[in-house]
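Subject: The structure you asked about

Hi there,

Here is the structure I promised to pass on to you. Please open it next to this email and follow along as you read.

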Amino acid sequence: MANSHSNSDRMNWYQKDNKFSVDFGGHSTTMTVNNNDVLVAYDSATSNGMGEKNASVNYTKAELAKEYGQYKDTLDQLIATGTMHAQQRDGAGSTSSASSSSASVSQEALNKTYTIMGHTFKPVWADDYKSCVLVGTDREGEAAEWAPNAIGYSVEERKQGMEQVSEAYKELYGKD
């Protein structure tokens with residue numbers, strides 16, 4: 001975990017459908033999710049350290065959660081950072097607003113958590129939006145969708161929550 005965190009500036013994370021891939025500029029590790037199973041294909045170690053594309057392990061989601069669950073926040077942060085790096089690298093020549101918006105998110109902002117209506121949210125890369133969104137750490141979902149519909153809060157509290165969402169995104173992107 002420490003090695004991944006210290007190399008997060010070189011990490012590239014991709015997702016297409018049920019396949020996830022991470023690399024550090026070279027060989028990649030691919031995870032294919034099918035229902036409750038996750039097939040991890042990776043380069044096994046060789047004597048020269050280069051690896052060969054010949055190893056795989058099948059896990060259940062429960063096994064992965066048991067082994068790595070304590071690192072969930074760190075993993076989410078690494079994935080968001082690696083996804084942003086991949087998007088910045090792949091979209092470097094692009095002039096789309098999504099690419100320029102994602103590029104404007106600072107590393108400091110990605111590492112920060114935001115409190116909205118007493119709940120904690122953190123930036124996570126959303127492939128569908130090609131940008132970071134604020135996702136709750138306790139199953140709230142995306143902040144701008146959750147706050148105006150939060151059950152058990154008054155209309156005024158939800159309105160204040162939306163103002164907090166706006167301020168958080170303003171801080172994250174430097175604009176509304």
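In which helix is Glu 157 found? Glu 157 sits in helix α7, which covers residues 155-173. Before we go further, please keep in mind that this is a predicted model.

Let's stay with Glu 157 for a moment. Together with Glu 156, Glu 163 and Glu 167, Glu 157 forms a negative patch on the surface. Glu 157 counts as partly exposed, because its relative accessibility is 36% and partly exposed residues lie between the 20% and 50% limits.

**The cores**

Now for the inside. Which residues of the largest nonpolar core touch the most other members? They are Ile 116, Leu 134, Tyr 169 and Leu 172, in a core of 19 residues. Several elements give two or more residues to this core: α5 (107-110), β6 (114-116), β8 (131-136), α6 (143-146) and α7. The largest share comes from α7, with five residues. So helix α7 is worth finding on your screen: Glu 157 of the negative patch is found in this helix, and α7 also gives five residues to the core.

Another core lies apart from that one. This other core has seven residues, including Met 11, Val 22, Met 31 and Val 40.

**The salt bridge**

Next, a pair of charges. Side chains of opposite charge can pair when their charged atoms come close. How many salt bridges does a search of the whole structure find? The search finds one. The partners are Glu 171 and Lys 112, and their closest N and O atoms are 2.3 Å apart. Glu 171 belongs to helix α7, while Lys 112 is in the loop between α5 and β6. With their positions 59 residues apart in the chain, the pair links distant parts of it. Glu 171 is partly exposed, because its relative accessible area is 44%. Lys 112 counts as partly exposed too, because its relative accessibility is 33%.

**Two loops with a positive phi**

Two residues are worth a look for their backbone angles. Asp 17 has a phi near 55°, a positive value in a residue other than glycine. You will find Asp 17 in the loop between β1 (12-16) and β2 (19-23). Is Asp 17 buried or exposed? Asp 17 counts as exposed, because its relative accessibility is 64% and the limit for exposed is over 50%.

Asn 35 is not a glycine either, and its phi is positive at about 55°. This residue is in the loop between β3 (28-34) and β4 (37-44). Asn 35 counts as exposed, because its relative accessibility is 71%.

**Pairs that meet across the chain**

Finally, here are three pairs to locate, with distances taken from C-alpha to C-alpha.

- Val 38 is found in strand β4. The C-alpha atoms of Val 38 and Tyr 59 are separated by 5.1 Å, although the two are 21 residues apart along the chain. Val 38 counts as buried, because its relative accessibility is 7% and buried means under 20%.
- Lys 19 is found in strand β2. From Lys 19 to Thr 30 the C-alpha distance is 6.9 Å, and the two are 11 residues apart in sequence. Lys 19 is partly exposed, because its relative accessible area is 47%.
- Tyr 153 is in the loop between α6 and α7. Tyr 153 and Met 117 are 36 residues apart in sequence, and their C-alpha atoms are 9.1 Å apart in space. Tyr 153 is partly exposed, because its relative accessible area is 24%.

If you would like a place to start, try the salt bridge between Glu 171 and Lys 112, and then move along helix α7 to Glu 157.

Happy exploring, and best wishes!

Methods: Residues are numbered from 1 along each chain as its sequence is written. This is a predicted model: local features need pLDDT of at least 70, side-chain atom pairs count only at pLDDT 80 or more; totals for chains, interfaces and linings use all residues. Side-chain values use heavy atoms; hydrogens and water are left out. Patches are made of residues with over 30% relative accessible area and no salt bridge: like charges are joined within 9 Å, nonpolar side chains (Val, Leu, Ile, Met, Phe, Trp, Tyr) within 5 Å. Accessible areas come from the Shrake-Rupley method with a 1.4 Å probe; for residues, only the protein chains shown count as cover. A salt bridge is a side-chain nitrogen of Lys or Arg within 4 Å of a carboxyl oxygen of Asp or Glu. Lys and Arg count as positive and Asp and Glu as negative; His and the chain ends are not counted. The place of a charge is taken as NZ of Lys, CZ of Arg, CG of Asp or CD of Glu. Helices (H or I, at least four residues) and strands (E, at least two) are DSSP runs, numbered from the N terminus. Buried means under 20% relative accessible area, exposed over 50%, partly exposed in between (1.4 Å probe, protein chains only). A nonpolar core is a set of buried Ala, Val, Leu, Ile, Met, Phe, Trp, Tyr and Cys residues joined through side-chain atoms within 4.5 Å.
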